Amino acid sequence: MNLISKKDAREILKKNLPNLPEREDHEAAILRRLFSLLQGKTKIITYSPDLMYEVDVLPIIESCPLPRPTSFIEARHSAEWYFPRMEEGKRLRFLRPRSFEKNAMGLFEPIGDEEISVEDAELILVPALGFHEKGFRLGRGGGYYDRILNSESLQKKTVGLSFSKLFPVPFLPESHDIKIGKMITEIQIHSFLD
């Protein structure tokens, strides 16, 4: 397999993700697979998706105040859900939202006082454009998650979501790129750190 740069991989994914056929059906199938991994978990970190490029996790969150399609999925999970808020120094804080506001990038960020550390979360859903065949995550290039999920014990708690038509992404991983524990497509769950 010929490896491509992360920059080229991002461009290809950004061109193809918005136009995936049957995307809503595939997202529903991904969330059904994800639901089995959520069982017994009470403190979960998730993300506010960029709906053009990332799998929409919001329909599975029981008390999410963000707008989302109704009847997108039958089951909702009642854990305490925490969302990322970008801070200075390319740092993330994970807050339980009372409400949300849009940031400069157009993504929803939580407003709230209750914070959780990645160490205290039982499961961490990470946003991504795509994933390498060995589980390396391809984000948007800010390095926020690479910095905060910098140990294998934390990476084992991570779950990424993607589409089978766009997996694997043949990019050249760099030394700081994190590996995720599991990645779910509409077809199967892939494990990388078991």
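Let's start with Pro168, which sits in the loop between S10 and S11. Helices and strands here are DSSP runs numbered from the N terminus, with H or I over at least four residues for a helix and E over at least two for a strand. The peptide bond that runs from Phe167 to Pro168 is cis, and its omega is near -5 degrees.

Before I go on, two quick notes on the ground rules. This is a predicted model, where local features need pLDDT of at least 70, side-chain atom pairs count only at pLDDT 80 or more, and totals for chains, interfaces and linings use all residues. Residues are numbered from 1 along each chain as its sequence is written, and side-chain values use heavy atoms, with hydrogens and water left out.

Staying with that proline, who touches it? Contact means heavy atoms within 4.5 Å. Setting aside residues up to four places away in sequence, His132 touches both Phe167 and Pro168, along with Leu3, Val169, Phe171, Pro173 and Phe192. His132 itself belongs to the loop between strand S8 (130-131) and strand S9 (137-138). Is His132 buried or exposed? It is buried, with a relative accessible area of 6%; the cut-offs are under 20% for buried, over 50% for exposed and partly exposed in between, using a 1.4 Å probe and protein chains only.

Now let me zoom out to the whole chain. The protein chain has four helices and twelve strands. Its radius of gyration is 16 Å, close to the 16 Å that the globule rule gives for 194 residues, so the chain is as compact as a globular protein of that length. That radius is taken over C-alpha atoms, and the rule is 2.2 Å times the number of residues to the power 0.38. Along the principal axes, the C-alpha atoms fill a box of roughly 45 × 40 × 35 Å. Buried residues account for 52% of the 194 residues. Looking at contacts between residues at least 6 apart in sequence, 64% of them join residues at least 24 apart.

A word on the surface and the charges. About 9,500 Å² of the protein chain is exposed, and carbon and sulfur atoms supply 48% of that; the areas come from the Shrake-Rupley method with a 1.4 Å probe, and for residues only the protein chains shown count as cover. There are 28 positive and 29 negative side chains, with the centres of the two sets 2 Å apart. Lys and Arg count as positive and Asp and Glu as negative, leaving out His and the chain ends. Each charge is placed at NZ of Lys, CZ of Arg, CG of Asp or CD of Glu.

On to the inside. How many residues does the largest nonpolar core have? It has 52, and those with the most contacts inside it are Leu34, Trp81, Leu125 and Leu161. By nonpolar core I mean a set of buried Ala, Val, Leu, Ile, Met, Phe, Trp, Tyr and Cys residues joined through side-chain atoms within 4.5 Å. Among the elements giving two or more residues to this core are helix H1 (6-16), helix H2 (23-38), strand S2 (80-87) and strand S3 (91-95). H2 gives the most, with five residues. If you click on Leu34, you'll find that it touches Ile60, Leu125, Val159, Leu161 and Ile184, not counting residues up to four places away in sequence.

Another one to click on is Phe94, in strand S3. Phe94 counts as buried, at 2% relative accessibility. Leaving aside neighbours within four places in sequence, its contacts include Ile45, Tyr82, Phe83, Ile116, Val118 and Tyr145.

For a helix residue, try Lys14 in H1. At 33% relative accessibility, Lys14 is partly exposed. Outside its neighbours within four places in sequence, Lys14 is in contact with Tyr53 and Leu129. Lys14 and Tyr53 are 39 residues apart in sequence, yet 6.5 Å apart in space, C-alpha to C-alpha.

Last stop, the backbone. Glu22 has a positive phi of about 60 degrees although it is not a glycine. Glu22 lies in the loop between H1 and H2 and is exposed, with a relative accessible area of 56%. Lys90 is another non-glycine with a positive phi, here about 50 degrees. You'll find Lys90 in the loop between S2 and S3, where it counts as partly exposed at 43% relative accessibility. Thanks, everyone!
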